[in-house]
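Colleague: I'd like a close look at one part of this model, the nonpolar core and what sits around it. Could you walk me through it slowly, as if I were new to this?

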Amino acid sequence: TVAMLCNLSGTTDLFASYFEAFLFFIGDEKMAKELAKQYNPSEVEDRTYDFWCKNKYFHAKREEGKKTYTIVIPPPNITGQLHMGHALDNTLQDILIRYHRMAGYDTLWLPGTDHASIATEAKIVEKMREEGITKEDLGRDKFLERAWDWKKQYGGRIIEQLKKMGSSCDWDRERFTLDEGCSKAVREVFV
């Protein structure tokens, strides 16, 4: 039956992958015994999302002759965390990506974050003010260290929030606007 459905759909690999995931969860010992009286998302969602990521279900392969569909996330600033507008925007993007993925397209949803240098600088300076420190006290190099630390903390938080939402991004291709490749491209085009 599975082979027949795969041949009818014309998407053998994709269908087989989804079917494999389905069997993985149906075959789970805990599910086979009995359903819980109350749904506990932490028992299901993290495990499911980890399974999808480990099996590279969101990874674009660039197969010859296959139609492509790409969305580059308008990168959220690393000034804090996602808000409801981000959640809505990313949900709509996810719907489009998943639709095209199921329709047989080779899809790429490219995730990333933006440095938003002026806004980020203001946040860092505000935090330093609370500590009784100024940019001049630190100097350029130490300030840049703080900026990269900020990116690790808040950029990481934003990416984790996107993952918690179940966003089907190609996480192997995650970008930050100050990464060397992105910075080089900006310098070539604009400088």
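Modeller: Sure, and keep in mind that this is a predicted model. Let's start with the largest nonpolar core, which has 14 residues. Those with the most contacts inside it are Ile 73, Trp 109, Leu 162, Cys 169 and Trp 171. Two elements give two or more residues to this core, namely α4 (41-54) and α8 (140-164). Of the contributors, α8 gives the most, with 3 residues. There's also another core that lies apart from this one; it has 5 residues, among them Ile 124, Met 128, Trp 150 and Tyr 154.

Now zoom in on Trp 109. What does Trp 109 touch, leaving aside its neighbours within four places in sequence? Quite a list: Ile 71, Ile 73, Asn 90, Gln 93, Asp 94, Ile 97, Ser 167, Ser 168, Cys 169 and Asp 170. Notice that Ile 73 and Cys 169 are in that list, and both are also among the residues with the most contacts inside the core.

Pick Asp 94 from the list next. You'll find Asp 94 in helix α5 (residues 84-102). Is Asp 94 buried or exposed? Its relative accessible area is 10%, and buried means under 20%, so Asp 94 counts as buried. Not counting residues up to four places away in sequence, Asp 94 touches Trp 109, Gly 166, Ser 167 and Ser 168. Ser 167 and Ser 168 turn up among the contacts of Trp 109 too.

Then there's Cys 169, another contact of Trp 109. Cys 169 is buried, because its relative accessibility is just 1%. Might you expect a disulfide here? By the rule used, the count comes to 0 disulfides. Why is Cys 169 not bonded to Cys 53? The sulfur of Cys 53 is the closest cysteine sulfur to that of Cys 169, but it is 9.3 Å away, so it is too far for a bond; a disulfide needs the two sulfur atoms within 2.5 Å. As for Cys 53 itself, a relative accessible area of 26% makes this residue partly exposed.

To finish, here's a contrast with the buried parts. On the surface, Val 186, Val 189, Phe 190 and Val 191 form a nonpolar patch, with about 490 Å² of accessible area together. One of them, Val 191, sits in the segment after α9 (180-190). Val 191 has 80% relative accessibility, so it counts as exposed. That puts Val 191 out in the open, while Cys 169 is buried.

How values were computed: Residues numbered from 1 in each chain as written. Predicted model: local features only at pLDDT ≥ 70, side-chain atom pairs only at ≥ 80, totals over all residues. Heavy atoms only, no water. Helix = DSSP H or I, 4+ residues; strand = E, 2+ residues; numbered from the N terminus. Buried < 20%, exposed > 50% of the residue type's maximum accessible area, 1.4 Å probe, protein only. Contact = heavy atoms within 4.5 Å. Patch = residues over 30% accessible without salt bridge, like charges linked within 9 Å, V, L, I, M, F, W, Y side chains within 5 Å. Areas by Shrake-Rupley, 256 points an atom, 1.4 Å probe, with all protein chains shown as cover. Salt bridge = Lys/Arg side-chain N within 4 Å of Asp/Glu carboxyl O. Core = buried A, V, L, I, M, F, W, Y, C linked by side-chain atoms within 4.5 Å.
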